[in-house]
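Have the structure open beside you as you read. We'll walk through a handful of places, one at a time.

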Protein chains: 2
Amino acid sequence: MAPSFAQNGGIPAPRTAPISTTGRFATVYSDVQNSRVDQPLPLPSVLKKPFTIVDGPKSSASGNPDEIAKLFPHLFGQPSAALVPSDDSNAALPDQKLKIGVVLSGGQAPGGHNVISGIFDYLQDRAKGSTLYGFRGGPAGIMKNKYVELTSDYIYPYRNQGGFDMICSGRDKIETPEQFKQAQETAQKLDLDGLVVIGGDDSNTNACLLAENFRSNNLKTRVIGCPKTIDGDLKSKEVPTSFGFDTACKIYAEMIGNVMVDARSTGKYYHFVRLMGRAASHITLECALQTHPNITIIGEEVAAKKLTLKNVTDYIVDVICKRAEDKFNYGVILIPEGLIDFIPEVQHLIAELNEILANDVVDEGGLWKKKLTDQSLKLFDFLPQAIQEQLMLERDPHGNVQVAKIETEKMLIQMAETELEKRKQEGKYNGEFKGQSHFFGYEGRCGLPTNFDATYCYALGYGAGALLHSGKTGLISSVANLSAPVEEWSVGGTALTSLMDVERRHGKFKPVIKKAMVELEGAPFKKFASLRDEWALKNSYISPGPIQFTGPGSDAISHTLLLELGAQA
Amino acid sequence: MAPSFAQNGGIPAPRTAPISTTGRFATVYSDVQNSRVDQPLPLPSVLKKPFTIVDGPKSSASGNPDEIAKLFPHLFGQPSAALVPSDDSNAALPDQKLKIGVVLSGGQAPGGHNVISGIFDYLQDRAKGSTLYGFRGGPAGIMKNKYVELTSDYIYPYRNQGGFDMICSGRDKIETPEQFKQAQETAQKLDLDGLVVIGGDDSNTNACLLAENFRSNNLKTRVIGCPKTIDGDLKSKEVPTSFGFDTACKIYAEMIGNVMVDARSTGKYYHFVRLMGRAASHITLECALQTHPNITIIGEEVAAKKLTLKNVTDYIVDVICKRAEDKFNYGVILIPEGLIDFIPEVQHLIAELNEILANDVVDEGGLWKKKLTDQSLKLFDFLPQAIQEQLMLERDPHGNVQVAKIETEKMLIQMAETELEKRKQEGKYNGEFKGQSHFFGYEGRCGLPTNFDATYCYALGYGAGALLHSGKTGLISSVANLSAPVEEWSVGGTALTSLMDVERRHGKFKPVIKKAMVELEGAPFKKFASLRDEWALKNSYISPGPIQFTGPGSDAISHTLLLELGAQA
């Protein structure tokens, strides 16, 4: 997909220094935005003093190390790097002015601006006279050499602010030999010592390919990645979380908590809440741990147990019926955006539909349905009529069914209605059911970063600066020990190749950083699984309330992270 | 409509005293909820010292005073009451234990629990040994004598918390002679000295009818109303705002601000945001003043200018085209929930459709369309197909078209798409358009009340206690001078009859408190109107961020209120 930024050329005017609150309507920033701009950002203590880099043992790969070694001959096996305090001021760091580029890649996540602030401040503090270029509109900006020189005045208004509009992002990839050549040309033209790629799993894979390419072509430009995605599916032992996940989940949890209070007060609605996160269900799981809904569907569990849509519907309806026995005709249900992608039978149906729609006449009488397999026909007939129509009518430009357009929460409401009506006929249910659908998505991607994301991102950026300054390449900035106070956070870099496996595509091995899915044996899911039956029937709702920047709760970190770090064990 | 509460009998367990934060998952309350429970509530200084009540001049009615006088022979003409400091301790207030009832009526609004806390604390402070009964599930609780005695322990966990679940609400009205008799019986059975009705325009009308009824039957029970509705359409000179409006608007504005940052960062979406508020567009206007969207539709203006749906679409599309010339293919558009109710031609079409659907056969061939008037046929053909189908297929149990189910934001996206495609063909537009729809509704009704709503509600309740203690009836609790510090707020009561007019229904005059609509000559609309052209083309977005309870912005009051009070003049 072409980058929106390059596509429309509509470059947002840079945010100007915020005007103070005299004359409310002339103010560019709200009071809260204003107060956040000036908020000092704490650094881990290792970044506040002279440090040196200590390399760990030689690394391998997440899978198929032989293939990864072939794909990354210069980088494979690189050790992880840890920053440690050094008595020797600026030990081992060259006294050099650096030229560094930074790029935002893919969807937005709260905190991106702070990564850039962190890189900038590192250069100011440790490599005075350095230059930071921001590539505009994502990787396309690298290929087309579209950039802005980032100065203190330019960056300042974006500190602790949401969004990616400082330099905008894009979804292009640097893939073809021609594109790699363009990237090389830009690196040489700008005389870049380093490049920081802020992105998700794909973008960090791309960052590593770029690092390998630059190294193999004897360019001096080094490449460091930073883990970004609200979905929370880019993480490993060394990279405990991706930035943006904390803020997005807290924004969604605020809304879910409000809707729970609404449900309990009104006593007559089942709120079906679909949450962003197409590939993995981390957001849904985290929101469940924060708010204690009656029902939570986790895609990874649906897939592992090979559940059908009927199974999922029955689970929901069983809980609704049990609650009706206690006269609770209300509740809150969380659904991950990608739910139907986790259900194999739905995938089969869609594949068959695409085939039929491409090659056959769809007759009014429904004779075309005979071309479906038995299983798919059964599923198709089970779907609500509106969804059937949506599947048949709305296609993408290639004629394919648009799965992403299916409003899963509305579909489940309709299926629950049908099943409840059936049970009512059978005398097994005598409650009242009214479904309300919600989708919480875009409003979570660009919120003001929480204290956690603001601080974490600043450290990620500052650390990325340190890694580049130390001559490192092909690493992902890694800040860990996150359940401890900020001063005690560890800072370093992890070999991107160590996170990789290969996938076979078009007969070739492609390197991939596998998405971190919800682990059914992991602490967050197990905690959830041990409590969900209680949450289903009792109303243990918790309303996290709006994100606070000072006072109680303002420095809390996500439950997922806490549990994964064993802090709650 | 029967009250949900009475309907399902599902009484939520009372919130228990919040457990402290040791053991996060055992905590009933979040950190923020916990911190809010203990937050002290400031009182206007007149409520902190001995006071006396000063009556104003005889009042009249908002319209048709002669009819109002006939409908309220005992109450019409009552003066407004103002609390003023008195040297004489408890001047004129009887040394008496009171029995007071309180009821929540209609939809939820943040702050309701604080009104109840205010009444309770008044009784504790000034009429020790009094009893407060909470009627359960709205007015039905009065009629059926379903109540709970509210104690300090019972109330405490609800302080500063959202929702209405302390005693729940309902939408019944006390209307028939039989129902008034039931209310009398309850009042007598509980030996009530007073009743506080917390509700919107209808509920306060009902409160006044009840006050008149009790007075005319020589019951001692007095009735005081409190202005509640997130829609902001219950207000007058003496009642500057209804509670809940402030919190709801700030929750929506947080989300709108986030979506704006998303729009600017991505550069490729037009976000169409529908906001709660069916009758009046105050919420949409306030959110516009807080966030500066590119396009804002105000229902009252649409009605005043007799705009058609085509006019509204053209206005939106004109702005989109102008923005495309500047390469801005993104934006944010606010739409009030009740928009189509403001468009006369839509009302005509729906009336005609209801008639046709009830009496005629709707043939596939479309011959039935000949029964539509020319204007309605033109409008029907102008509507997107999905909306046409929705109008024809989805009917309520009476067979009527369900206007409330039309997702106006999706309809406008489809109409904009069609019009933009047309202009593209004509060479008048060369941008890219992708609409994203949002509805911000339920998540705003039950949020944690802002500092303003928390304090305002507490004063409303405390003041209601004072009015009842002073022997007043048929007044609405009125707290004013709200742009001043809390200490300087004025407290009193306004004759409910003075807010009333009559409407002719079924050949009879019915008293009504007219909904306060957005005044096109009022300061908030004029401010908006003077800025919207700039907002349309420049991106003057403001992101209010999450509601803060301490620090900058935490004590801000709504722009609407500030402007109406002339504080910004």
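Let's start in chain B, with B:Lys371, which sits in the loop between α13 (344-359) and α14 (374-382). Keep in mind that this is a predicted model. Is B:Lys371 buried, exposed or partly exposed? With a relative accessible area of 46%, B:Lys371 is partly exposed, because that class runs between 20% and 50%. Setting aside residues up to four places away in sequence, B:Lys371 touches B:Glu352, B:Ile356 and B:Asp360. For a sense of distance, pick out B:Tyr462 too: it is 91 residues from B:Lys371 along the chain, and their C-alpha atoms are separated by 59 Å.

**Helices of chain B**

Helix α15 covers residues 385-393, and its buried residues are B:Ile387, B:Gln388, B:Gln390, B:Leu391 and B:Met392. What covers them includes α13, α14 and α16 of chain B.

One of those covering helices, α16 (residues 408-425), also lies across strands β9, β11 and β12 of chain B. Its direction is at about 165° to β12(B).

Now look at helix α12 (residues 309-325) of chain B. How far apart should its ends be? At 1.5 Å a residue, its 17 residues should span 24 Å, and the end C-alpha atoms are 25 Å apart, which agrees. Among the buried residues of α12(B) are B:Leu309, B:Val312, B:Ile316, B:Val319, B:Ile320 and B:Arg323. An α-helix has 3.6 residues a turn, so residues three or four places apart point the same way. The buried list for α12(B) also includes B:Thr313, B:Asp314, B:Val317, B:Cys321 and B:Ala324. After α12(B) comes B:Lys327, with a positive phi near 70°.

**An open sheet**

Four strands of chain B form an open sheet in the order β10-β11-β9-β12, with parallel pairing. The edge strands, β10 (295-296) and β12 (435-440), each pair on one side only. Inside the sheet, β9 (residues 270-275) and β11 (residues 331-336) of chain B pair in the parallel sense over six bridges. To find your place there, look for B:Val273, which stands opposite B:Leu334 in β11(B).

**Around β13 and β14**

Next, move to β13 (residues 475-480) of chain B, which pairs with β14(B) in the antiparallel sense over six bridges. How many of the residues of β13(B) are buried? Six of the six are, so β13(B) is largely enclosed by the rest of the structure. B:Leu475, B:Ser477 and B:Val479 point one way from the strand, while B:Ile476, B:Ser478 and B:Ala480 point the other way.

β14 (residues 490-495) of chain B tells a related story: five of its six residues are buried, so this strand is also largely enclosed by the rest of the structure. Here are the pairings that involve these two strands, with a pair of facing residues for each.

| Strands (chain B) | Sense and bridges | Facing residues |
|---|---|---|
| β2 (81-85) and β14 | antiparallel, two bridges | B:Ala82 and B:Gly492 |
| β13 (475-480) and β14 | antiparallel, six bridges | B:Ser477 and B:Gly493 |
| β8 (222-227) and β13 | parallel, two bridges | B:Ile224 and B:Leu475 |

Another bridge to spot pairs B:Ala480 with B:Ser490 in β14(B).

**A serine with two backbone partners**

B:Ser169 is found in strand β6 (residues 169-170) of chain B. It is buried, with a relative accessible area of 6%. Which backbone oxygens does its side chain reach? One belongs to B:Leu104, at 3.1 Å, and another belongs to B:Gly106, at 2.6 Å. B:Ile198 is 29 residues from B:Ser169 in sequence, with 9.6 Å between their C-alpha atoms.

**Over to chain A**

A link between the chains brings us to chain A: the side chains of B:Thr266 and A:Arg445 are joined by a polar contact of 3.5 Å. B:Thr266 is found in helix α9 (residues 245-266) of chain B, and at 9% relative accessibility it counts as buried.

Last stop: A:Asp231, in the loop between β8 (222-227) and α9 (245-266) of chain A. An unreviewed UniProt entry gives A:Asp231 the annotation "active site". Is A:Asp231 buried or exposed? At 18% relative accessible area, A:Asp231 is buried, because buried means under 20%. Leaving aside neighbours within four places in sequence, A:Asp231 is in contact with A:Phe245, A:Gly277, A:Arg278, A:His282 and A:Ile283.

Technical notes: Residues numbered from 1 in each chain as written. Chains lettered and ligands numbered in written order. Predicted model: local features only at pLDDT ≥ 70, side-chain atom pairs only at ≥ 80, totals over all residues. Heavy atoms only, no water. Expected span 1.5 Å × (residues − 1). Buried < 20%, exposed > 50% of the residue type's maximum accessible area, 1.4 Å probe, protein only. Polar contact = N/O pair within 3.5 Å; in protein donor to acceptor, adjacent residues only side chain to side chain. UniProt positions renumbered as here; feature names shortened; annotations may be inferred. Contact = heavy atoms within 4.5 Å. Pairing = 2+ DSSP bridges. Axes fitted to C-alpha atoms, helices over the stretch in contact; angles between N-to-C directions.
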